Amino acid sequence: MSELKNDRYLRALLKQPVDKTPIWIMRQAGRYLPEYRQVREKAGDFMTLCTTPELACEVTLQPLRRYDLDASIIFSDILTIPDAMGLGLHFVTGEGPKFHKTVRSAADVANLSVPDMEDSLGYVMDAIRLTRREIDGKVPLIGFSGSPWTLACYMVEGSSSKDFAKIKAMMFDTPDVMHDLLSVLAKSVTAYLNAQIAAGAQALMLFDTWGGALSGPNYREFSLAYMQQIISGLTKENDGRRVPVTMFTKGGGQWLSHMAEVGADAL
């Protein structure tokens with residue numbers, strides 16, 4: 001692997017001095033780039049774009065050709081794990097992600113297992129390996145995953161939701177089933193992120209997009225506890241460097257003190 005020419009982002013995450021605040025864009029490849037739209041059109045659909053390493057690499061690199069950024073994030077989707085679990089992820093224009101199968105019962109949860117990372121999710125690792133080669137040490141590459149709670153929201157609801165009624169019913173009516181689901185997801189996310197590190201990701205992000213839909217005690221029990229479990233199970237170093245992890249709960253500003261205690265390098 002090439003030597004890293006700009007490690008400003010990694011140093012900032014490790015609370016080391018930097019000459020200026022590092023900048024990266026969460027939606028690094030996206031609708032704002034005409035060259036992204038061209039590749040997206042060529043792919044035909046979003047899942048083909050995600051699962052074709054050469055295309056995922058291309059759209060990961062596009063913003064770096066235009067802007068002087070300090071990091072790049074691999075192009076993928078947070079719902080790769082439930083898709084690898086056999087739920088059938090697809091995207092409906094104007095409606096976003098949907099699953100052909102949902103998880104609503106103890107029997108549904110019992111049918112789930114941790115996916116094979118180099119088999120059913122190998123396209124993500126291939127995209128990371130290819131991107132690390134092409135990025136040639138210019139900036140670090142960030143890998144990521146959705147949090148167990150956020151993945152569970154989509155798996156139970158079957159799509160995005162305004163009120164999360166189905167998953168909240170499961171949480172209150174059958175908390176043991178909810179914990180079983182979150183447990184298999186936490187094991188899967190840990191394995192997934194460690195596989196990304198092994199493939200070459202130099203920093204990680206854990207996106208808890210729907211944690212803010214919970215109340216404080218429920219957030220700590222059903223979301224934060226599982227993110228803590230993941231963070232404690234991550235590979236801490238690779239290529240002679242620390243691999244920092246950033247945790248993000250959308251709408252979670254009121255729980256910063258609790259979030260600061262779970263071992264992430266940054267929020």
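A disulfide, just so we're all on the same page, is a pair of cysteine sulfur atoms within 2.5 Å. Keep that in mind while we look at this one, which is a predicted model.

So, how many disulfides does a search of the whole structure find? The count comes back as 0. Take Cys57: the cysteine sulfur nearest to it belongs to Cys50, and that's 14 Å away. With a cut-off of 2.5 Å, that pair doesn't make a disulfide. Cys57 is tucked inside, by the way: its relative accessible area is 4%, so it's buried. Then there's Cys153, also in no disulfide, and its nearest cysteine sulfur is again that of Cys50, this time 20 Å away. Cys153 is buried too, at 0% relative accessibility.

Okay, Cys57 brings us to helix 4, residues 53-66. Is that helix mostly covered or mostly open? Mostly covered: 10 of its 14 residues are buried. Cys57 is on that buried list, along with Pro53, Leu55, Ala56, Val59, Thr60, Leu61, Gln62, Pro63 and Leu64. And what covers them? The cover includes helix 2 (34-43), helix 3 (46-51) and helix 7 (122-135), plus strand 1 (72-73) and strand 4 (141-146).

Next stop, helix 5, residues 80-87. Its buried residues are Thr80, Ile81, Pro82, Met85 and Leu87. Helix 7 and strand 4 are among the elements covering those, and so are strand 2 (89-92), strand 3 (96-99), helix 8 and helix 10 (175-199). Right after helix 5 you hit Gly88, with a positive phi of about 75°.

Now the sheet. Which order do its strands take? It's an open sheet of 4 strands, ordered 1-4-5-8, and the pairing is parallel. Strand 1 and strand 8 are the edges, each pairing on one side only. A bit of background here: strands of a sheet pair through backbone hydrogen bonds, either parallel or antiparallel.

Let's zoom in on strand 8, residues 245-249. It's an edge strand, but 4 of its 5 residues are buried, so the rest of the structure largely encloses it. Its parallel partner is strand 5, residues 203-208, and 5 bridges join the two. If you want a spot to look at, find Leu206, which stands opposite Met247 in strand 8.

And what lies across strand 4 and strand 5? That's helix 10, running at about 170° to strand 4. Helix 10 has 25 residues and reaches 36 Å from its first C-alpha to its last, close to the 36 Å expected at 1.5 Å a residue. Following helix 10 there's Gly200, with a positive phi near 130°.

While we're on positive phi, two residues that aren't glycine do it as well. One is Asp136, with phi near 55°. Asp136 sits in the loop between helix 7 and strand 4, and it's partly exposed, with 40% relative accessible area. The other is Phe164, with phi of about 55°. You'll find Phe164 in the loop between helix 8 (148-157) and helix 9 (165-173). Is Phe164 buried or exposed? Buried, at 5% relative accessibility.

Last topic: charges. Side chains of opposite charge can pair when their charged atoms come close. How many salt bridges does the structure hold? The answer is 11, and I'll walk through a few.

Start with Asp7 and Arg11, where the closest N and O atoms are 2.8 Å apart. Asp7 counts as buried at 18%, while Arg11 is partly exposed at 25%.

Then there's Glu118 with Arg129, closest N and O atoms 3.1 Å apart. Glu118 lies in the loop between helix 6 (106-110) and helix 7, and Arg129 is in helix 7, so the pair ties together parts 11 residues apart in sequence. Glu118 and Arg129 are each partly exposed, with relative accessible areas of 45% and 31%.

And finally, Arg242 and Asp265, with the closest N and O atoms 2.8 Å apart. This pair links distant parts of the chain: Arg242 belongs to strand 7 (residues 241-242), Asp265 to the segment after helix 12 (256-259), and they're 23 residues apart. Arg242 is partly exposed at 35%, whereas Asp265 is buried at 13%.

One more thing before I sit down. Asp7 and Arg11 have company: salt bridges that share partners join them with Arg241 into one network.

Note on methods. Residues numbered from 1 in each chain as written. Predicted model: local features only at pLDDT ≥ 70, side-chain atom pairs only at ≥ 80, totals over all residues. Heavy atoms only, no water. Buried < 20%, exposed > 50% of the residue type's maximum accessible area, 1.4 Å probe, protein only. Contact = heavy atoms within 4.5 Å. Pairing = 2+ DSSP bridges. Axes fitted to C-alpha atoms, helices over the stretch in contact; angles between N-to-C directions. Expected span 1.5 Å × (residues − 1). Salt bridge = Lys/Arg side-chain N within 4 Å of Asp/Glu carboxyl O.
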